[in-house]
Amino acid sequence: MNRTFARSERYLQIEKLLLATKVPLSQAEIARRCGVSPATISRMVQSLADTDLPLRVDEHGWLYLERTAYISTLRLRLHEAMSLFLAGRLLARYSDRPNAHTVEALEKLGLSLQGVMPHLGGHMVATAAALRQRLPRQASEHQRALEKLTEAWANGVKVQIWYRPLHAARAYQHTFAPYFLEPSAIGHSTYVIGMAEPPGKLRTRKLERIERVLVTDEPFDLPADFDPQALLAGAWGIWFDEGDKPTAVTLRFADPMAVRRVEETIWHPSERKERDAAGRLIWRAEVDELQEMLPWIRGWGAACEVIEPRGLREQQIGELRRQMRMYGLDRPAADGDGPDLDLLGSLFGG
């Protein structure tokens, strides 16, 4: 190994070391972990200061990387780049809160791909341009909240948040340790999952309902058993039940077009599909929060019948009765003024 290569490897080692730690490190500690003398590290730090690496020094002279200014290097194959392009297109179509950082990331990715994949890179740049036109002149409160939560998550520190639930008249303040950030297609929203104090339990907070975020310097340790994939496995969207068992849901689809549409998509990780003797599709799943899936069920109209749980079935029946009253379909027919049978058929599949 020649000296130049060894030096570049050492630079990379220092970079990875500072990225992996949440706290600043002294030059002596860096030298110890890298297995070289403090004088060698001192010379290398001076050289690193002249690069694009955002190396910073705290009040004690210890070193750290400013994560918000750090630029990652990414090398993609064609099909990997296509995956990111599709994700960018999906974001452009469904995001109702454009984020300046998203636009910049997509534009950088598109520009970097144009040299080797001109068409794909060009489409990605065009996607970024379309999003840029929707950006407000100043960063939105949603973007500011996301920025602070991202920094707190990356640095492993708690935040103070002012959160106003949907039915609350005003926001309440509490301490929150952000463990995970998760987007949801339902409502085009972003959620943060973490430890809320009080009540000292795992909770989900919707970003759109956070009115203020204050980043603290109080660190938190991510529990070794925290697994967001397992936690959200039973969730329809984002809401999970931390203690109780999931609820068994059974739906029946009779309309042929609806049956085909349901069969061609995986709607939930636990779902099971089968045909009954009449050719109807029976759909079963174990779901944590039933209220989250109600808009999906209602979207099928008369093509979807709730079989169980009984409470959900009765809730749907009550909703249909309220709709009948709203449209005047609950009144007895007068002479020449009966209910619109075509409307009844469209509502209830008659």
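Biologist: In which sense do β9 and β10 pair, and over how many bridges?
Modeller: This is a predicted model. In it, R272 has R284 of β10 as its bridge partner. Strands β9 and β10 pair in the antiparallel sense, and the number of bridges is four.

Biologist: Which residue in the hairpin of β9 and β10 takes a positive phi?
Modeller: Look between the two strands. The hairpin has five residues there. The positive phi is near 85°, and the residue that takes it is G279.

Biologist: What is the order of the strands in the open sheet?
Modeller: The sheet has four strands, and their pairing is antiparallel. β9 and β11 each have a single partner strand, so they stand at the edges. Neighbouring strands are turned by 25° against each other on average, direction ignored. The order is β9-β10-β8-β11.

Biologist: How many bridges join β8 to β10?
Modeller: Start with residues that face each other. T247 has V287 in β10 as its bridge partner. L251 stands opposite W283 in β10. The strands β8 and β10 run antiparallel, and the bridges that join them number seven.

Biologist: How many of the seven residues of β10 are buried?
Modeller: A residue counts as buried under 20% relative accessible area. β10 is largely enclosed by the rest of the structure, because the buried residues among its seven number five.

Biologist: Which strands of the sheet does α10 touch?
Modeller: Helix α10 packs on the sheet. Its direction makes about 5° with that of β8. The strands that α10 touches are β8, β10 and β11.

Biologist: Which residues of α10 are buried, and what covers them?
Modeller: The helix spans residues 290-299. Its buried residues are L290, E292, M293, L294, W296 and I297. Their cover includes β8, β10, β11 and α11.

Biologist: Which backbone nitrogen does a side-chain oxygen of E289 reach at the start of α10?
Modeller: The side-chain oxygen of E289 comes to within 3.0 Å of its partner atom. That partner is the backbone nitrogen of Q291.

Biologist: Which residue with a positive phi follows α10?
Modeller: Now look past the helix. The phi is near 60° there. The residue that follows α10 is G301.

Biologist: Is H268 buried or exposed?
Modeller: H268 sits in the loop between α9 and β9. Apart from neighbours within four places in sequence, its contacts include W236, W283 and V287. Its relative accessibility is 2%, and the cut-off for buried is under 20%. H268 therefore counts as buried.

Biologist: Which backbone oxygen does the side chain of H268 reach?
Modeller: A233, G234, A235 and W236 are among the contacts of H268. The side chain of H268 reaches a backbone oxygen at 3.4 Å. That oxygen belongs to A235.

Biologist: Are α5 and α6 roughly parallel or roughly antiparallel to each other?
Modeller: Helix α5 covers residues 100-114 and helix α6 covers residues 118-132. They pack at an angle of about 160°, with their axes 7 Å apart. Angles over 145 degrees count as roughly antiparallel. α5 and α6 are therefore roughly antiparallel.

Biologist: Is the crossing of α5 and α6 left-handed or right-handed?
Modeller: In α5, the residues making the contact include L106, L109 and L113. In α6, they include M124, V125 and L131. The crossing of α5 and α6 is left-handed.

How values were computed
Residues are numbered from 1 along each chain as its sequence is written. This is a predicted model: local features need pLDDT of at least 70, side-chain atom pairs count only at pLDDT 80 or more; totals for chains, interfaces and linings use all residues. Side-chain values use heavy atoms; hydrogens and water are left out. Buried means under 20% relative accessible area, exposed over 50%, partly exposed in between (1.4 Å probe, protein chains only). A polar contact is a pair of N or O atoms within 3.5 Å; within protein, one must be able to donate a hydrogen and the other to accept it, and residues adjacent in sequence count only if both atoms are side-chain atoms. Contact means heavy atoms within 4.5 Å. Two strands pair if DSSP finds at least two bridges between them. Axes are lines fitted to C-alpha atoms, for helices over the stretch in contact, and angles run from 0 to 180 degrees between N-to-C directions. Angles under 35 degrees count as roughly parallel, over 145 as roughly antiparallel, 65 to 115 as roughly perpendicular and the rest as oblique. A crossing is left-handed if the near helix is turned anticlockwise from the far one by less than a right angle, and right-handed if clockwise.
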